[in-house]
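Trainee: Could we go through this one together before I write up my notes? I would like to start with the aromatic residues.

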Amino acid sequence: MSIVEALPAMLSSIPSDWRGTTYRNSNLLGRATFSEGVAKLSTQSKSTPITTEDMSALGISEDYFRVSSNFTTLLELVLAEINSLPVDNVFTFGSTTMPVIAVAMATKQPIDVYSSGSGGGSVFSDSDLDVISKLGVKVTCHEGAPPTTKSTESIVLVHSSTSLCEKSGYDATPLFSSSVDCVVSSHCLFITSTSKIPPGDILVVRKRLSTPITNPMAEEILQTIAGVEVTANKAQPSAEGLERFYGHLQTLSGTPEDKESPPVCFTAGLPASCSLWVELINRGGCDVLMASTAYGGSSQLTDVLVDSVGKDLFTKTTYDVQGAGEMIISIRDRLNKMAQRPNLLPTTVCFSEIPTNPDMKVPDMAELATIITDYTAKTGKDFLLLVDTTFAPNSKVMEKFKQIAPTMNVMTFISMSKSVSRGLTTAGAIVANHTPWTKDLIKGITETSKLLDTNAKPDQLVFLSENHTNVEKRCLDAYQVAKEVGGSLVENVGALNDGFDMKLAFVSEENAANGFTSSTFSFNLPPPKDSNLERNQKLAQDLVDLICEHKELFKPCVSFGQDNGTVYCTVPATSTQGAIKEEDKAKQEVGGVQLTRLSFPPTIDVGKVNEIIGEALKSIYAATMLAK
């Protein structure tokens, strides 16, 4: 059977864990290898039904939806089969415009876009093209068919109307020709010339600036192609539910509800950051100051834009929070040096996670406000404090800063795939505080998000509007779980290491009482007595491997804050560690032992969790003693 023929049986046997947003990060297969397994399963005899167990046995494509999911990879494989392309050449996007922008940014070549189909017309307006040009790319839109000879000076992209691909059963091959390098139809990108468009570079742009289509969207299209009843992606959010949700995001952030300047919601956190950066670039440019161990995706997104846009409009500087370094001292030092630049851009942004990742530090806000006030007085530049409140979305940071510095421009960034949605969907939000400057900026971000078409999709807004309530209690409950497990962990480590007092990188009780109820802590296990560097370097991973054998309670994963009764375990502690420089990872080591991060749900069997961790600690320290 072909994959399309096997699709009805596959869709009737989808495992429950395909519907999440984060997946086990052990033994990840990647899109190509996962697709090989699907293709092999499709050849199974019709007399042997495809079961849920068969689908589970396929493994995991990628560990996080924003990179790829089993649903989106299955859809891309089906589209590849229909269009006689390798799966590496087919991408879905949670946007109808980002496929074109991704090709431009990935290739760094001029793009000639030819509109095709009765519903054609230019994909971008003249004002859109002006904004896009500031990203360092050149896109030119043409009506009609592409040239018949292959261009050596540009990428030839055919853009079809939304209905053309859908009405043809997602067969885009009539638009393929020897002169066409790729075809974009609705949310799909089909690459026909990999010599000019490297698929790996497209994947980087998609996972940093955009997302694949959502799982419900993918399932709906798969059901349509399979010819079965379409049950997926039917729900729509209500206007009243969205109004309550947007107002709640504002009060969580510590600013009054304001229907005139509502938050902007996106398909994931990084597209939210991207729209902010693009809007500031369009306003003349900005200088960004962010932690060297900021969320790896945020760091790489910023690097991608710096590389594409150029330092005449966008720069990145980093400060340190890890190890023995003091966050406030590092921020002051970097801003003092930035203030001396002769070519500062119109806006400076300090992007800070509060609490920080992975150290769970909460800075002295009065001191931070003073540093920012001094900087603006010296430079005369607009200044935005962008606070990533993902670890504690209920912290009301805007209210705290308003009490200290009433005129300071503050925005919050929230990745909502964690506690806000309870882990049921990905999404990101930007929320403005009370100042006229941020209210004007949020309107600009709204318009830019429409250009990039990365706003949260209806299925995401349904999940969000139905699950945001009680996030304050979930965060508090998860903090209490983390606090209890952390105490037991420290006690067990001390008992096995001559009373060693291991420090947890965790919010203080004072910070928690002030709303920073993080569900996450990090720690460096003490090196065993008389051990060597090689054994020390394995210690953290050995612990995580042992506790994750208990799959019902522990999961090797870079996320956190989800309401699913599972402890998420990350080594090294910095999320998406592949995007963080090795020298910054090394700063987290103590005696060669890497920093481990554990993140907790609001409800779990704490006694069982403590028992499993305690036994794992005994095992790794006993094994080290025997190895001497």
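Mentor: Keeping in mind that this is a predicted model, a good place to begin is the cluster in which ring pairs link Tyr479, Phe506, Phe521, Phe523 and Phe600.

Trainee: How do the rings of Phe506 and Phe521 sit against each other, then, and how far apart are their centres?

Mentor: The centres of the Phe506 and Phe521 rings are 5.8 Å apart and the planes stand at 75°, so this pair is edge-to-face. Phe506 belongs to the loop between α18 and α19 (509-513), whereas Phe521 is in strand β14, so the pair ties together parts that are 15 residues apart in sequence.

Trainee: Buried or exposed, those two: what about Phe506 and Phe521?

Mentor: Phe506 counts as buried with 17% relative accessibility, and Phe521 is buried as well, its relative accessible area being 0%.

Trainee: How many aromatic pairs turn up over the whole structure?

Mentor: The search of the whole structure gives 12 aromatic pairs. One of these joins Tyr375 and Phe383, whose ring centres are 5.5 Å apart with the planes at 75°, so that pair is edge-to-face. Tyr375 is buried at 2% relative accessibility, and Phe383 is buried at 4%.

Trainee: Back to Phe523 for a moment: which residue of β17 does Phe523 stand opposite?

Mentor: Phe523 stands opposite Thr596 in β17, and the strands concerned, β14 (residues 520-523) and β17, run antiparallel and are joined by four bridges. Strand β17 also pairs with β16 (residues 567-570), again in the antiparallel sense, over three bridges, and there Thr570 has Arg597 as its bridge partner.

Trainee: What covers the picture for the two faces of β17 itself?

Mentor: Both faces of β17 (residues 596-599) are covered, since Thr596 and Leu598 on one side are buried, and so are Arg597 and Ser599 on the other. That division fits the general pattern, in which the side chains of a regular strand alternate between the two faces of the sheet.

Trainee: Changing topic, what is the strand order in the sheet of seven strands?

Mentor: That open sheet has the order β7-β13-β12-β11-β10-β8-β9, and its pairing is mixed. β7 and β9 (314-319) stand at the edges with a single partner strand each, so one side of each has no neighbour in the sheet. From one strand to the next the twist averages 20°.

Trainee: And how are β10 and β11 joined?

Mentor: Strand β10 (residues 347-353) and strand β11 (residues 382-388) run parallel and are joined by seven bridges, with Val387 in β11 as the bridge partner of Ser352. Helix α15 (residues 397-404) packs on this sheet, where it touches β11, β12 (410-415) and β13 (428-432), and its direction makes about 165° with that of β12.

Trainee: There is a sheet of six strands too; which strands are at its edges?

Mentor: The six strands form an open sheet in the order β1-β6-β5-β4-β2-β3, with mixed pairing, and its edge strands are β1 (90-92) and β3 (139-143), each of which pairs on one side only. Neighbouring strands in this sheet are turned by 20° against each other on average, direction ignored.

Trainee: What does β1 pair with, and where does Phe91 come in?

Mentor: β1 runs antiparallel to strand β6 (residues 188-191) and is joined to it by three bridges, and Phe91 has Leu189 in β6 as its bridge partner. Helix α8 (residues 199-209) packs on the sheet by touching β1 and β6, and its direction makes about 10° with that of β1. Phe91 has a further partner, as the charged end of Arg31 sits over its ring, 4.2 Å from the centre.

Trainee: How many disulfides does the structure hold, and what about Cys182?

Mentor: The structure holds zero disulfides. For Cys182, the closest cysteine sulfur is that of Cys141, 13 Å away, which is too far for a bond. Cys182 is buried at 0% relative accessibility, and Cys188 is buried at 4%.

Trainee: Last one: why do you call helix α17 largely enclosed?

Mentor: Helix α17 (residues 458-467) has seven of its 10 residues buried, so the rest of the structure largely encloses it. Among the buried residues are Leu461, Val462 and Leu464, along with the polar Asp459 and Gln460. The buried residues of α17 pack against α9 (215-226), α10 (239-253), β7 (264-266) and α18 (471-496).

Methods:
Residues numbered from 1 in each chain as written. Predicted model: local features only at pLDDT ≥ 70, side-chain atom pairs only at ≥ 80, totals over all residues. Heavy atoms only, no water. Disulfide = S-S within 2.5 Å. Buried < 20%, exposed > 50% of the residue type's maximum accessible area, 1.4 Å probe, protein only. Contact = heavy atoms within 4.5 Å. Pairing = 2+ DSSP bridges. Phe/Tyr/Trp six-rings, centres within 6.5 Å; stacked < 30°, edge-to-face > 60°. Lys NZ or Arg CZ within 6 Å of the ring centre and 35° of its normal. Axes fitted to C-alpha atoms, helices over the stretch in contact; angles between N-to-C directions.
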